[in-house]
Amino acid sequence: MDITIRRARDVELDGIGELTAQVYLGDGLLDFGDSDPYLTTLRDARRRAAEAELLVAADAASDEVLGAVAFAVYGGAYAELARPGEGEFRMLAVRPESRRRGAAEALVRACLDRGRALGLRRIVISSQQSMTAAHRLYERLGFVRAPERDWSPIAKLELTLWAFTVEL
């Protein structure tokens, strides 16, 4: 594999935040586009790195960041769905020009490995219903839909995030 998974470096954080924001914008995942209030959170990779584990997929030859994900455990500031004994990942984003190289899969596998290393029982994640390519990846890696854990971050928008879990 020509991809290395590692923790984000301090000098990369602003770029990772912008990468994440631009991926969400470009993929049409923000209801309010450029004025969506979630952009502030997406751009704040410094906070993610301080309050969760911010992992990057980097090109093995150039060390260029191809994508990133935040891994969190129950009780952490970035854990939205995790219960005791569970972890989750959020804000998985891969540069459009770097897709189909296995970066997203490598990042998800790194989160699963991290959960196992911590002795967690399960990983739980949220996904927008429209993210069908991500759903195929999750299914291939053993995740199953957990509709009883679906939720809405902003009820007035009628946005329901689908929950997926995988046993470790």
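Buried residues account for 46% of the 168 residues in the protein chain. Keep in mind that this is a predicted model. Grab the structure and let's work through it.

**Exercise 1: Overall build**

Work out whether the radius of gyration of the protein chain agrees with that of a compact globule.

*Solution.*
- Step 1: start with the expectation. For 168 residues, a compact globule would have a radius of gyration near 15 Å.
- Step 2: now the model. The protein chain has 15 Å, so the two agree.
- Step 3: add the dimensions. Along its principal axes, the C-alpha trace spans about 45 × 40 × 30 Å.
- Step 4: check how the chain folds back on itself. Take the contacts between residues at least 6 apart in sequence: 62% of them join residues at least 24 apart.
- Step 5: finish with the outside. The accessible surface is about 8,600 Å², and 50% of that belongs to carbon and sulfur atoms. As for charge, there are 23 positive and 26 negative side chains, with the centres of the two sets 4 Å apart.

**Exercise 2: Tracing the sheet**

List the helices and strands along the sequence, then put the strands in their sheet order.

*Solution.*
- Step 1: count. You should find five helices and seven strands.
- Step 2: read along the sequence. The pattern goes β-α-α-α-β-β-β-α-β-α-β-β.
- Step 3: lay the strands side by side. Seven strands make an open sheet with mixed pairing, in the order β1-β2-β3-β4-β5-β7-β6. At the edges sit β1 (3–7) and β6 (144–145), each pairing on one side only.
- Step 4: sort out directions. β3 (residues 65–73) runs antiparallel to β4, with six bridges between them. One pair to click on is Phe71 and its bridge partner in β4, Phe89. On to β4 and β5 (residues 122–128): they pair in the parallel sense over two bridges, and Gly87 has Ile123 in β5 as its bridge partner. Then β5 and β7 (residues 161–167) run antiparallel, joined by seven bridges; here Ser127 is partnered with Trp162 in β7.

**Exercise 3: A strand and its cover**

Decide how far strand β4 is enclosed by the rest of the structure.

*Solution.*
- Step 1: take the residues of β4, 86–94, and check each for burial, with under 20% relative accessible area as the cut-off.
- Step 2: tally them. Nine of the nine are buried, so β4 is largely enclosed by the rest of the structure.

**Exercise 4: Two leucines**

Are Leu30 and Leu161 buried or exposed, and what does each one touch?

*Solution.*
- Step 1: place them. Leu30 is in the loop between α1 (13–26) and α2 (38–43), while Leu161 belongs to strand β7.
- Step 2: apply the cut-off, under 20% relative accessible area for buried. Leu30 comes in at 10%, so it is buried. Leu161 has 12%, so it is buried as well.
- Step 3: look at contacts, skipping neighbours within four places in sequence. For Leu30 these are Tyr24, Leu25, Asp36, Tyr38, Leu39 and Leu42. For Leu161 they are Ser126, Ser127, Gln128, Asp150, Trp151 and Pro153.
- Step 4: try some distances, C-alpha to C-alpha. Leu30 and Val56 are 26 residues apart along the chain and 22 Å apart in space. Leu161 and Ser130, 31 residues apart in sequence, are separated by 9.8 Å.

Definitions and conventions
Residues numbered from 1 in each chain as written. Predicted model: local features only at pLDDT ≥ 70, side-chain atom pairs only at ≥ 80, totals over all residues. Heavy atoms only, no water. Helix = DSSP H or I, 4+ residues; strand = E, 2+ residues; numbered from the N terminus. Rg over C-alpha atoms; globule rule 2.2 N^0.38 Å. Buried < 20%, exposed > 50% of the residue type's maximum accessible area, 1.4 Å probe, protein only. Contact = heavy atoms within 4.5 Å. Areas by Shrake-Rupley, 256 points an atom, 1.4 Å probe, with all protein chains shown as cover. Lys, Arg positive; Asp, Glu negative; His and termini not counted. Charge placed at Lys NZ, Arg CZ, Asp CG, Glu CD. Pairing = 2+ DSSP bridges.
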